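Here's a quick tour of how some helices pack and what a few loop residues are up to. Have the model open as you read.

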Amino acid sequence: MTNGWNALMVASAQGHASVVYCLCEAGASVDYCRQANGFSALMSAASTVHDATCATILLQHRANVNLQDTLGCDALMHAAWHGQSEACAALIQSNANVLAVRPGGTTALMDAAAGGHEQIVKQLIEAGADWNAVDAHGMSVLMHAARAGHDTCMVPLLARHAASSNSNRINIKDNQQKTALAHAA
């Protein structure tokens, strides 16, 4: 298409699993990326409101689970940002890098926390995501949840901090000298 999307991307975005399957079986390039921004069919499938069937089909046809767009976002980051827990589960099961960091230091876990997606926060923590990560602004995952007012996302993060031998990290300050509590206020 003139906007850089191909049939596989459109079918993935619209949740047409049978079309995605047929295109993959016919040899469509599962890792084709839109030239303007590096967006792929897997990213499209992972960020859609439809179930994770299209993402699963793409992964079964060996789509690169860690492919990044021009902003450094991978499919897991797109799914976490959009609150797509089924897609996150499929991507994690396919060995998505839960520790991936894009320019600016943000992660899928930060995206999920900032978006208020508690189930995804829990999924990513269980999968080994760095709940102590800090972005380029000095903001922790907990700060991202607190700043957005997502109390339910703060609970599993606070539990990790409480269970940690390094529980004093809960009071770290960002580059503007604000703690998570200050962000929550």
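## Helix H5 and its cover

Start with H5: what covers the buried residues of this helix includes H3, H6, H7 and H8. Keep in mind as you look around that this is a predicted model. H5 is mostly covered, with 6 of its 8 residues buried. Those buried residues are Ala75, Leu76, Met77, His78, Ala79 and Ala80.

## Helix H9 and its cover

Now move along to H9, which is also a mostly covered helix, since 6 of its 8 residues count as buried under the 20% relative accessible area cut-off. On the buried list for H9 are Val141, Leu142, Met143, His144, Ala145 and Ala146. The cover over these H9 residues includes H7, H10 and helix H11 (180–184).

Just past the end of H9 sits Gly149, with a positive phi of about 75°.

## How H9 meets H10

How do H9 and H10 pack, and at what angle? Helix H9 (residues 141–148) and helix H10 (residues 151–163) pack at about 150°, and their axes are 9 Å apart. Angles over 145 degrees count as roughly antiparallel, so that is what H9 is with respect to H10. The crossing of H9 past H10 is left-handed.

On the H9 side, the contact is made by Val141, Leu142, Ala145 and Ala146. H10 brings Cys153, Met154, Leu157, Leu158 and His161. Sort the residues of this contact by class and you get 8 nonpolar, 1 polar and no charged. As a bit of background, nonpolar side chains in soluble globular proteins tend to be buried together.

## How H8 meets H10

H10 also packs with helix H8 (residues 118–126): the two axes come within 8 Å and cross at roughly 25°. Angles under 35 degrees count as roughly parallel, so H8 and H10 are roughly parallel to each other. H8 passes H10 in a right-handed crossing.

Which residues make the contact between H8 and H10? From H8 come Glu118, Val121, Lys122 and Ile125, while H10 supplies Thr152, Cys153, Pro156, Leu157 and Arg160. By class, this H8 contact with H10 has 5 nonpolar, 1 polar and 3 charged residues. Cys153 and Leu157 are worth clicking on, as they take part in the H10 contact with H9 and also in the one with H8.

## The nonpolar core

Leu157 turns up again in the largest nonpolar core, which has 55 residues. Leu58, Leu91, Leu124 and Leu157 are the ones that touch the most other members there.

Take Leu58 and look at what surrounds this side chain. Not counting residues up to four places away in sequence, Leu58 touches Leu8, Ser12, Val20, Cys24, Val30, Ala41, Leu42, Ala45 and Ala63.

## Thr48, a buried loop residue

Thr48 is in the loop between helix H3 (41–46) and H4. Is Thr48 buried or exposed? Thr48 counts as buried, because its relative accessibility is 10%.

If you set aside neighbours within four places in sequence, Thr48 is in contact with Ser12, Ala13 and Gln84. Ser12 is also one of the residues that Leu58 touches. Thr48 and Gln14 are 34 residues apart in sequence, yet their C-alpha atoms are 7.4 Å apart in space.

## Two loop residues with positive phi

Most residues other than glycine have a negative phi. Arg62 goes the other way: it isn't a glycine, but its phi is positive at about 70°. You'll find Arg62 in the loop between helix H4 (53–60) and helix H5 (75–82). Arg62 counts as exposed because its relative accessibility is 71%.

Asn95 is another case, with a positive phi near 70° in a residue other than glycine. Asn95 is in the loop between helix H6 (85–93) and helix H7 (108–115). At 62% relative accessibility, Asn95 counts as exposed.

Conventions: Residues are numbered from 1 along each chain as its sequence is written. This is a predicted model: local features need pLDDT of at least 70, side-chain atom pairs count only at pLDDT 80 or more; totals for chains, interfaces and linings use all residues. Side-chain values use heavy atoms; hydrogens and water are left out. Axes are lines fitted to C-alpha atoms, for helices over the stretch in contact, and angles run from 0 to 180 degrees between N-to-C directions. Helices (H or I, at least four residues) and strands (E, at least two) are DSSP runs, numbered from the N terminus. Angles under 35 degrees count as roughly parallel, over 145 as roughly antiparallel, 65 to 115 as roughly perpendicular and the rest as oblique. A crossing is left-handed if the near helix is turned anticlockwise from the far one by less than a right angle, and right-handed if clockwise. Contact means heavy atoms within 4.5 Å. Ala, Val, Leu, Ile, Met, Phe, Trp, Tyr, Cys and Pro count as nonpolar, Asp, Glu, Lys and Arg as charged, and the others, Gly among them, as polar. Buried means under 20% relative accessible area, exposed over 50%, partly exposed in between (1.4 Å probe, protein chains only). A nonpolar core is a set of buried Ala, Val, Leu, Ile, Met, Phe, Trp, Tyr and Cys residues joined through side-chain atoms within 4.5 Å.
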